[in-house]
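Open the structure in a viewer and keep the selection tool at hand. The stops below are meant to be followed in order.

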Amino acid sequence: MSRGGRNLLDLAKRSDVLKDRDIQKLVLAAGLSDNERLQKSASKAVLGKSVQHWKYPFDQEATFGEIRIGETFEKRPFYLSHDDLTRHLLAVGQSGSGKTTLFYSLMQEVDRPFWAFDLKQDYRHLLQKLDLLVLPWTELKFNPLKPPEDVPPRRWAQVFAEIFGHATALLSGSKNYLMKKIIELYLLYDLFEQDSPPYPSLHELKLLIQKDNINYVRKTSDYRDTLLNRLEAMTLVAGTIFDCSQGYSVEELLKQDVVFEFDGLSRDVQNFLMEILFAYVYEYRIAQGQRDSGLNHLFFLDEGKRVFSVYKERQDASGIPEIDELTAKMREFGEGLVVADQEASKLTDSIKANTYTKLLLPTADRKQFQAVTEAMNLSERQAEFAQELETGEAVVQVGSRGPVPVNLYNYDLEKSISDRELEKQQAEKWSQLSHEIRKTTKRFDSRIAPGRSEEVPEPHIPDDPKEIQVSEDADRLLKDVVNNPFKPLTERYKRFSSSYKGNKAKNELVDQGIVIERNVKSEDGKRKLLQLTDKGRDYAEDGLDLNSKHQGRGGIIHRYWQHRIKEAFEEAGWDVFLEKLDADIYVNMGDTELVVEVAMGDNQREIDHVKQHLETGFDAVWVACRKREILEGLKQRMKEQAVDMERVAFRLVREFNGLEIDGL
């Protein structure tokens, strides 16, 4: 090759224009010829192309599809296809770069059902434009131990153990122990012999493991304590989510656009719910033979590193995460993933490798920026161009096609749906969802324990190997929780310089298992309370020298209503006592004695308490119920058991906020 040809080749390479076929021909001709005129002509053409490419280092790529997400910088419409989304999409950008707006646009444009996992209450506001089912976790019923339809219990036991282990950072030994206990529980429920048996819940699994008092093999005992720590913390934090034998029909939910709101749950519970729902749908699709059927359904997941964490992927002792395997396999069954995050370096290699479409939005952090540009294989000049992106702009790469800068559509949406408005709009849909209450079998009862708890229990949680280490802000918040147990979380945040700092302190306490979050609904709206765990009480007393003893029994919601009802009677001028004469609330009206029982569930224990009070001779017994269905259920069962209903009255607990009590 001539010297002029070599210089021209170097220029074409540096300018990243050598892939242009016309340029290739010119460079080749100049290299093979000594004709000075030809070389000058070729050099001028390459130089012109290089300058043009420097200004806009992208080729014109035609796009095809049904989903228009914006237009290129050259004012051409940019499309994605259903097939593109079946093979997954990853968007990376800093906070405020336009990821949520992109999600809004896709949810609007894609004519397939979707599920969105919402950790910040972002997507409820789409109710203004879309027909959604929004499920806050307080309204969710899901039994992860019930196998998907037509999935063998033994297979599901393996999948569940893998997912639970990944979400809660269990190593292989603890996961294997968990799988064995699930199979043992299934045997106690005759799941291998009956066609339609009841299904055990996580609460029954916890009871089974609690009974397994292993002392003779130290390692197995460690597995048990580690697992019990994770399991008990999860059942405490998750409220009534898992308190069912069979939850809402996944088959029916797959036909709808559903937003699962997990804000307020601990990270472990959020991660577990997201991962187990991924796995549940995948196993359901396999069992139903729904392979190679095109795009059926989409999952939307912001904060993708919560599920696709590179740190968990690199833990050799725990093996390759099941969720990584699902990423590659789900596309065969028409399940697409739309994943977003701020930090590409913390995402698994699997999610970066197995996403067909990638979007790079404005990213200020150099480490995260490089992680995306490397995954997209951008040239040096293309990466420099991408550093100048503004909010709502992205470099998009679809499959092996070249990257293209795109102005994403701006989705104008006012975030105005409050909790009260959400309940008003969704109440009818929630009422149409059905589930089966927790049930046990005779074999389980005889071997383990009968009955159900009236509220999420508060057992002792075995100490986690990690020592408690929290900030001064978290300690300050904990002191407020001990001293003012019924103060709403929003009020607690006023003690800090910002709500962000207050929320950060709360998350520390939740993640360490010191407190759990519970929601309580009353006539004046919903409030979020913090409930101390046994671990939290020990830390408050031993570490902070606080008196964590409380008046009233049960969990924080039960005690909250005990105190509210007590205050209502005191305002009416009566003498009122908590936990006197074995009653939740005892009211002395001079010549009349009244007791009030706070009923958190529709179970036999509540009826037994009422019978006991009637036998004692109290003039009247009021049953204050948490929900209307609990009230109706208890009333019906008492009638069936011939309880003297003349001395029994029923109320909803929220009525006591404004109840005028002038007498019986």
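This tour of a predicted model goes through its sheets, helices, ring pairs and cores.

**Stop 1: the sheet of 11 strands**

Begin by selecting strands S1 to S11 and colouring them by number. They form an open sheet with mixed pairing, in the order S2-S1-S11-S10-S9-S3-S8-S7-S4-S6-S5. Which strands stand at the edges? They are S2 (77-80) and S5 (133-136); each has a single partner strand, so one side of each is left without a neighbour in the sheet. Look along the sheet to see the twist: neighbouring strands are turned by 25° against each other on average, direction ignored.

Next, zoom in on strand S3 (residues 89-92) and strand S9 (residues 357-360). These two run parallel and are joined by 4 bridges. Label Ala-91 and find Leu-359 of S9 opposite.

Now add the helices that pack on this sheet. Helix H11 touches S4, S6, S7 and strand S8 (335-341), and its direction makes about 165° with that of S7. Helix H15 (residues 366-376) touches S3, S9 and strand S10 (393-398), at about 145° to the direction of S9.

**Stop 2: strand S11 and its partners**

Select strand S11 (residues 404-408). Of its 5 residues, 4 are buried, so the strand is largely enclosed by the rest of the structure. Strand S1 (residues 67-72) runs antiparallel to S11 and is joined to it by 3 bridges; here Glu-71 has Asn-407 as its bridge partner in S11.

S10 also pairs with S11 in the antiparallel sense, over 4 bridges. Val-396 and Val-404 of S11 are bridge partners. Follow the chain through the hairpin of S10 and S11, where 5 residues lie between the strands, and stop at Gly-399, which takes a positive phi near 55°.

**Stop 3: aromatic rings**

Show the side chains of Phe, Tyr and Trp. The structure holds 29 aromatic pairs. One of them is formed by Trp-115 and Phe-260, edge-to-face, with 5.1 Å from centre to centre and 75° between the planes. Trp-115 lies in strand S4 (residues 114-118) and Phe-260 in strand S6 (residues 258-261), so this pair ties together parts that are 145 residues apart in sequence. Both Trp-115 and Phe-260 are buried.

Go on to Phe-278 and Phe-299. Their ring centres are 4.5 Å apart and their planes stand at 65°, so this pair is edge-to-face. Phe-278 belongs to helix H11 (residues 267-287) and Phe-299 to strand S7 (residues 297-301), and the pair links these distant parts of the chain, 21 residues apart. Are Phe-278 and Phe-299 buried or exposed? Both are buried.

To see how these rings connect, select Trp-115, Phe-117, Phe-260, Phe-262, Phe-278, Phe-299 and Phe-308 together: ring pairs link them into a cluster.

Two lysines are also worth a label. Lys-129 lies over the face of Tyr-411, at 4.5 Å from the ring centre, and Lys-146 lies over the face of Tyr-199, at 5.1 Å from the ring centre.

**Stop 4: the nonpolar cores**

In soluble globular proteins, nonpolar side chains tend to be buried together. In this model the largest nonpolar core has 134 residues, and those with the most contacts inside it are Trp-115, Phe-160, Leu-205, Phe-260, Phe-262 and Phe-278. Helix H11 gives the most to this core, with 12 residues.

Centre the view on Leu-205. Leaving aside residues up to four places away in sequence, Leu-205 touches Leu-145, Phe-160, Leu-178, Lys-181, Ile-182, Leu-185 and Leu-231.

Another core, of 25 residues, lies apart from the largest one; Phe-486, Ala-568, Val-576 and Phe-656 are among its members.

**Stop 5: the sheet of 5 strands**

Finally, select strands S14 to S18. They form an open sheet in the order S14-S15-S16-S17-S18, again with mixed pairing. The edge strands are S14 (575-580) and S18 (648-652), and each pairs on one side only. From one strand to the next the twist averages 25°.

Strand S15 (residues 583-588) pairs with strand S16 (residues 593-599) in the antiparallel sense, over 4 bridges. Label Ile-585 and look for Val-596 of S16 opposite.

Two helices complete the view. Helix H24 (residues 604-616) lies across S15, S16, strand S17 (620-625) and S18, running at about 175° to S16. Helix H25 (residues 628-640) lies across S16, S17 and S18, and runs at about 165° to S18.

Definitions and conventions:
Residues are numbered from 1 along each chain as its sequence is written. This is a predicted model: local features need pLDDT of at least 70, side-chain atom pairs count only at pLDDT 80 or more; totals for chains, interfaces and linings use all residues. Side-chain values use heavy atoms; hydrogens and water are left out. Two strands pair if DSSP finds at least two bridges between them. Axes are lines fitted to C-alpha atoms, for helices over the stretch in contact, and angles run from 0 to 180 degrees between N-to-C directions. Contact means heavy atoms within 4.5 Å. Rings of Phe, Tyr and Trp (its six-membered ring) pair if their centres lie within 6.5 Å; planes under 30 degrees apart count as stacked, over 60 as edge-to-face and the rest as tilted. Buried means under 20% relative accessible area, exposed over 50%, partly exposed in between (1.4 Å probe, protein chains only). A charge sits over a ring if NZ of Lys or CZ of Arg is within 6 Å of the ring centre and within 35 degrees of the ring normal. A nonpolar core is a set of buried Ala, Val, Leu, Ile, Met, Phe, Trp, Tyr and Cys residues joined through side-chain atoms within 4.5 Å.
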